[in-house]
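Thank you all for coming; I would like to walk through one model this morning, starting with its internal spaces, then its core, and ending with a pair of histidines. Please have the sequence and the structure open as I speak.

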Amino acid sequence: MMIDSRINMNQKQDLRSLASFRILAGCYLMYDVISRLQHGRFSLLWYTSTNNSFLQAHDTPHQSPVHKIWFYRGSESFQIFLFTVTFLLALSFTLGYKCNVFSKTFLWLHVVAMQCRCMPPHDGSDTFFRHMLLWCIQLPVSEVWSLDQYLHHHISRNYTICNQVPVWGIRLQIVFMYLGTVMNRTVDRYGYSLAIFQSKWLPPQLTAVHYALSGSLATRECWLGNFVRSNLMLSKFMTITSMLTEGVSPLLCLCVGHKTCIPAFSIFMLHFGLLVLMNLPNWQIVGMISCIIWVPSQIWDQLQIKLARRFPYWMAMPPPTSPISLNKKDMLDMNTSKPGVELNKVKERRRKPYLTYFLFVYMVLDFAGNRHWIGKIDNGDIGEFLRFSQYWVMFNGPPLTTSQVMLLGHRADTRDINIWEWIKSGKIQTIDTASFERDEPWTNFTHVYPSPRVERSLSEWYYSKDRQSRSEYFLRSLCALAPFDGFKMIIQILNIMPPDSGKRYQRVKKDIATEIMCSKVPQKQ
């Protein structure tokens, strides 16, 4: 009886949690569209396939005919049109206006295309967000707190939906993301044996947070980060607590019924800590937004009761969806006489959700296939086609090396101009190139780049198989964009030093430099 009272696999999804996720996800998506274009043409040319684009037309992993159409780049005007449509669809989604299965599917198609047209800045937050958005197509995210509800004068007397396949789908998606990440760091690499303790995420090493915060990629230069790096015991404690949070808290959210506040809050605080310490593009924000899916009905009921008492003309009393959390006075105040849908029912779907069943089954099978528990029935092709793969690798290593890319320009009267600063602010700032290439490596490089997405785009530039031709093509494109006589790209490869070594980085080899004179740049074909 003790176990039965604590483990509750009955999945009750509150519609107000879904509505809150819809609003926050829509706002995030509008921000994401704007942030991808924040530097004007310098940002836009990552997404085009014209002569002045930063990436060659064939520089993409998506070579299937369908993906070439779906992720087509084209001209700058075409990309502006696509970004505008995506922004307007996100606005409609946020407001809950015309938020039906067709508009949500159209939004999902545009979001996937936006993310996959340019893969260098793509990261795990993009994958996770589009998966969550795909499940939103199957869920009544605009049932409450939406323009659709207001315009149709629909008042719902029930705020929960129970044990539907889409509810299990969106919740298991969150669990699979965290669980897959933890397994990728351990058993996926070392097998189900004592060899997993070679992982830097597990005892006795527990150095993963040290290496993550000592690397150049997305590491904020702040006093708190310096404090963690200089205290080995603290970084070890943070490593084990982050592993426990990612591995246990999502499972608890799935298994404890309405008692999800504590495990969901622990996940939220994990991402908040990442926001403080790391300058990642969007991972922290997406992770915090997804936590609202777990907010149970009693939290919303209590909040709505307080607001209804304070603002009776603006807020109505909630229906008794969660009497377990309400006292007798609250129950007496509740108004259960308003017209609306029948209690304990939400408007039924008119069509059979066969696609939902397929996505749910495929998600489970693909996750199991990536763990090698079963063979992949399609070799993962459907997941790659839909961009719905369940292979999660966030902070998997962590890496023991890091790269830093400095971009310089020169004019007739000024040399070694920091192009990253020029893109950010328009200011002409020069650096001592000899000192940069000879002295101790910079430790604040994440703040040198114009934006986190630019940093993410260049973080694996060194490891690309066609690095030299890619660099030359990029610099030639800059010649047509920026008023400089030439450009130079310097790539530094650094070893991240282990704890208590006294140094943060050690140069691996001589810096790799690529230089282009704009006067000698031939016209691109």
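Let me begin with the cavities, of which this structure holds three of 30 Å³ or more. By cavity I mean, on a 1 Å grid over the protein atoms alone, a set of points where a 1.4 Å probe fits but cannot get out, with lining residues having an atom within 4 Å of a point; grid points are joined across faces, edges and corners, and a volume is the space filled by probe spheres set on the points.

Two remarks on the source. This is a predicted model, in which local features need pLDDT of at least 70 and side-chain atom pairs count only at pLDDT 80 or more, while totals for chains, interfaces and linings use all residues. Residues are numbered from 1 along each chain as its sequence is written, and side-chain values use heavy atoms, with hydrogens and water left out.

The largest cavity encloses about 120 Å³, and its lining comprises 14 residues, with R36, S43, W46, R453 and V454 lying nearest its centre. Which helix gives the most to that lining? Helix 22 does, with three residues, although helix 2 (15-36), helix 3 and helix 22 (452-458) each supply at least two; helices here are DSSP runs of H or I, at least four residues, numbered from the N terminus. By type, the lining divides into six nonpolar, six polar and two charged residues, where Ala, Val, Leu, Ile, Met, Phe, Trp, Tyr, Cys and Pro count as nonpolar, Asp, Glu, Lys and Arg as charged, and the others, Gly among them, as polar.

W46 appears again in the largest nonpolar core, a group of 122 residues in which F42, W46, M406, W420, F474 and F487 have the most contacts. Such a core is a set of buried Ala, Val, Leu, Ile, Met, Phe, Trp, Tyr and Cys residues joined through side-chain atoms within 4.5 Å, buried meaning under 20% relative accessible area with a 1.4 Å probe, protein chains only. F474 is in contact (heavy atoms within 4.5 Å) with partners including F42, W46 and W461.

Finally, the histidines: H67 is found in helix 4 (residues 65-70), whereas H62 lies in the loop between helix 3 (41-44) and helix 4. H67 is buried because its relative accessible area is 7%, and H62, at 7% relative accessibility, also counts as buried. Beyond four places in sequence, H67 touches H62, Y72, E384, F385 and R387, while the contacts of H62 include C116, M119 and R387.

Terms used
Buried < 20%, exposed > 50% of the residue type's maximum accessible area, 1.4 Å probe, protein only. 1 Å grid on protein atoms, 1.4 Å probe; cavity = no way out; pocket = protein on both sides within 12 Å on 5 of 7 lines; lining within 4 Å.
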